[in-house]
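I opened this notebook to keep track of what I looked up in one structure. My topics are cavities, a pocket, cores, cysteines, helices and a few single residues.

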Amino acid sequence: MTADPTLLRPEAGICLLEAPTPKMDPEAMLEDFTRYFGRTLGRRMIYGGSPFVYQALVYTIRDRVMARWNRTKLTLANADQRRVYYLSLEFLMGRLLSNALHNLGIYDDCKLALQRLGVSLDEVIESEHDAGLGNGGLGRLAACFLDSCATLRLPVVGYGIRYQYGMFRQRIENGYQVEEPDLWLREGFPWEIERFELAQTVSFGGRKEVYSDADGREHARWVDTHDVYAVPYDIPVPGYRNDVVNTLRLWSAKATDAFDLQEFNAGSYTQAVAAKNDAESITMVLYPNDASESGKGLRLRQQYFLASASLKDTLAHWTKYHGNDLQGFAEKNCYQLNDTHPAIAIPEFMRLLVDEYNCKWNEAWRITREVMAYTNHTLLPEALECWPVSMLTSMLPRIMEIIYEINAGFLAEVEQRWPGDAERIRRMSLIEEGYQPMVRMAYLAIVGSRSVNGVAELHSRLLTQGLFRDFAELWPDRFNNKTNGVTQRRWLAACNPGLSKLITATVGEGWVTELELLRGLAPHADDPEFQKRWRNEKLANKRRLTRLIAERTGVVLDPDMLFDVQVKRVHEYKRQLLNVLHAIHLYDRIKRGNADGMPPRAIIIGGKAAPGYVMAKHIIKFINEVARVINADPATNGRLRLVFVPDYNVSTMEVICPAADLSEQISTAGKEASGTGNMKFMMNGAVTIGTLDGANIEIREAVGDANFFLFGLTVEQIAARREDYDPQGIIDADPDFKPVMDLIEHGEFNCAEAGIMHAVVHAIKNPHDPWMTAVDFRSFIDAQQRAGDAFLSLPKWTRMSILNTAASGRFSTDRTMQDYNRDIWHLHPIDL
């Protein structure tokens, strides 16, 4: 251990100690593993399934990460570089061990070290619990962003919440979804470092008090508040083989007074810990069910807790090096709001600048608008978030006052641009008037940010032409597009090692950081020998998936079947219903003896429904009941299977996406912002069947129409059909659709539970169905027929598969982050 002489200040008690960087060879790792296992964890015997093997290995690898982590932080502090703070209510990180080993370049050496103890590295990796701190694409995207930023050496810090219980574990009971707590922290989380010395105080309730300073200037302060502590836990995010390690900081809520001894001594045991329980409830559960007022209130508390703690943390870091002078703050800092959830950061930042740092309003607003940037991830109005004014006034009274003041200034700007246009002012106001006035959080995010971006070309266009048209007319230069991506290091290199080796042998290893190099696969797409090797890797992945599905469901699949996959959050707009209608159509064909030329097919569906989303739960029940009948019928043996994979998560996707043949991206046109599952499947050689929605459009442009199965109405056609939409007429006029609906309505799939299909039938036949499932049925069936015909020709299908992977280069988050940095962040790479 050495001391840095440049930082020796004995009079101040400061001495920076630099521990030697641990060696990366198998012998050094084995020595450290043995020490941690025996001395730190106090264990002697290694046995299968022991959690202590995993913990000792993480400590061993974390030491190697830590040396690089500390060096990265020290370099940033000395360079005083501009930074980005990425605020997201979700970070769906999944397992971290495999990712760390690959990014450090020590996977094989670590595997060799453990082999000497008779331990399988793959089994240790499988024993890690998913860090399920997200619901779906939003959280997984945030995790991919962090990986790419570290790999690109961009100084980006993630801020999120350390939920005690992550996304629930899903169990299927009698076809229904049953939610169980996800105790992901039950065996500890050895990757994290608690930073209790950096805890922040977050306030709720109370009132505003006005006071005057020595110069007679009036100020406001928030008093009589109920406070909680936000305690940070840091998780390292290593870049790919570049020694850069960025930080994900997650906040955990703690009570300021965890225990009332007087209440306890008086016998009031519940009251004695009431403050502790109330505070910790903020970070207890990811996305509490907001069907009730208390659930809505808790969700708002979570959003404010994240925003306030994160902003205070960044301002404390600034003042540590620069004092209270905020003149240069905007030049060195940027906040990226990942969707509308953290939008409350805008009025909170204003409160901090005006009330606590004594900035004048106009100067504070200038700084706020310069440092905030907003990414919108949805076209669904209900997902844009509106909070009741009454709730904000009660819970965050000072914040509500600031929102009113922001709104007043903004509406004056609108009035100046469009004098006398009262209707436009009403539409654009941050406050939606009515019986219960609401704060429009997405509008607040737009008004307070210097950049607003969508996440696919279609999505960004629809935002400016639809939901945010008024704002785009006011500030056309504020809006831009940043098409999403995924990190190829997790979603190809790590999860599909066999195919990755084949790719590297063909185009070199540079694709791991420059995904566009995959285009070098295209010249090999017609090579019979290369096709054979490609198919062998796909078959191995399909066999691995069949084992997982058999373990979880008991359903045995033939890996030679067409694996037709739709895994994603269960929601009506994603149209899992349409997928099941196709499954019933195939079943009907088999039963009628009309299945000639139909390839054996396994339809694989997975995903979770939000606990309060009743219709999504009906859809899961529908899938499972149809699957029960299809799979039990001897006529379908070897020809058709339908399976719902329970408890879909990141680790499950890492097995599913390398095995998929056909990727179902079938949302109603204009409803999916981007999608990222479509990119993961494409990267792994699946062929997409999809609508012109989200990033599907760009995927089709990249791979060519001949290698994409397009179906469905466009956004414009959907809009034109709404007025005269007649699903019953569509059903009656289609000789394939009517038998499908007859089977559903006549009880073929619910003999023992009468009435359970009513909600599904109503959804399909509803003339006001916003997802218009019935209108795309015919087109979908025809596209599926084309896909089935193509699969019967192995050379043709393999060629399509290879070309999809070859064309996936633009869908790396490395490219996405470079776009953000070029147009919004303006960061310089970390120079270690």
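The entries below follow the order in which I looked things up, and I kept in mind throughout that this is a predicted model.

**Cavities**

I began with enclosed space, and a search of the whole structure gave 6 cavities of 30 Å³ or more. The largest cavity holds about 150 Å³ of space, and of the 13 residues that line this cavity, M93, L96, N99, V237 and R490 are the closest to its centre. I then asked which elements give two or more residues to that lining. They are α3 (97-104), α6 (137-151) and β13 (226-238). Sorted by class, the lining of the largest cavity has 8 nonpolar, 2 polar and 3 charged residues.

For the second largest cavity I noted a volume of about 80 Å³, and its lining is made of Y54, S127, E128, H129, A131, W184, E187, G188 and F189. Here the classes come to 4 nonpolar, 3 polar and 2 charged residues.

**Helix α3**

Since α3 had turned up in the lining of the largest cavity, I looked at this helix separately and found that 8 of its 8 residues are buried. The buried residues are L97, S98, N99, A100, L101, H102, N103 and L104, and among the elements that cover them are α2, α4 (107-115), α5 (121-127), α6, β13 and α20 (488-494). Directly after α3 comes G105, which has a positive phi near 80°.

**The second largest pocket**

Next I turned to open space, where the second largest pocket has about 1,100 Å³. Its lining counts 40 residues, and those nearest its centre are K73, L74, R195, K320 and Y321. Which element gives the most to this lining? I found that α2 does, with 12 residues, while the elements that each supply at least two residues include β3 (83-87), β6 (156-161) and α10 (293-322). By class, the pocket lining divides into 21 nonpolar, 8 polar and 11 charged residues.

**Nonpolar cores**

I reminded myself of a general point before going on: in soluble globular proteins, nonpolar side chains tend to be buried together. In this model the largest nonpolar core has 217 residues, and I61, F349, I744 and W825 are the members that touch the most others. I followed W825 further and, leaving aside its neighbours within four places in sequence, found this residue in contact with R82, V84, C149, V156, C334, Q336, R450, M817 and Y820. There is also a second, separate core of 54 residues, with L92, C495, V555 and I802 among its members.

**Cysteines**

Two of the contacts of W825 are cysteines, C149 and C334, which led me to ask how many disulfides there are. The count is 0. C334 is in no disulfide, and the nearest cysteine sulfur, in C149, lies 11 Å away. With 0% relative accessibility, C334 counts as buried. I also checked C359, whose closest cysteine sulfur is that of C334 at 18 Å, so the two are too far apart for a bond. C359 is buried as well, with a relative accessible area of 11%, which is under the 20% limit for that word.

**Helix α18**

In α18 (residues 457-467) I listed L458, H459, S460, L462 and L463 as buried. The elements covering these buried residues include β20 (451-454), α19 (469-474), β21 (479-481), α27 (696-703) and α28 (715-721).

**Single residues**

Is D257 buried or exposed? At 57% relative accessibility D257 counts as exposed, and its place is in the loop between β14 (245-255) and α7 (261-265). Not counting residues up to four places away in sequence, D257 touches A275 and K276. I also compared D257 with R461, and these two are 204 residues apart in sequence and 50 Å apart in space, C-alpha to C-alpha.

My last check was on backbone angles. R153 is not a glycine, yet its phi is positive at about 65°; this residue lies in the loop between α6 and β6 and is partly exposed at 28% relative accessibility. H826 is likewise a residue other than glycine with a positive phi, near 60°. I placed H826 in the segment after α34 (813-825), where this residue is partly exposed at 43% relative accessibility.

How values were computed:
Residues are numbered from 1 along each chain as its sequence is written. This is a predicted model: local features need pLDDT of at least 70, side-chain atom pairs count only at pLDDT 80 or more; totals for chains, interfaces and linings use all residues. Side-chain values use heavy atoms; hydrogens and water are left out. On a 1 Å grid over the protein atoms alone, a cavity is a set of points where a 1.4 Å probe fits but cannot get out, and a pocket is an open set with protein on both sides within 12 Å along at least five of seven lines; lining residues have an atom within 4 Å of a point. Grid points are joined across faces, edges and corners, and a volume is the space filled by probe spheres set on the points. Helices (H or I, at least four residues) and strands (E, at least two) are DSSP runs, numbered from the N terminus. Ala, Val, Leu, Ile, Met, Phe, Trp, Tyr, Cys and Pro count as nonpolar, Asp, Glu, Lys and Arg as charged, and the others, Gly among them, as polar. A nonpolar core is a set of buried Ala, Val, Leu, Ile, Met, Phe, Trp, Tyr and Cys residues joined through side-chain atoms within 4.5 Å. Buried means under 20% relative accessible area, exposed over 50%, partly exposed in between (1.4 Å probe, protein chains only). Contact means heavy atoms within 4.5 Å. A disulfide is a pair of cysteine sulfur atoms within 2.5 Å.
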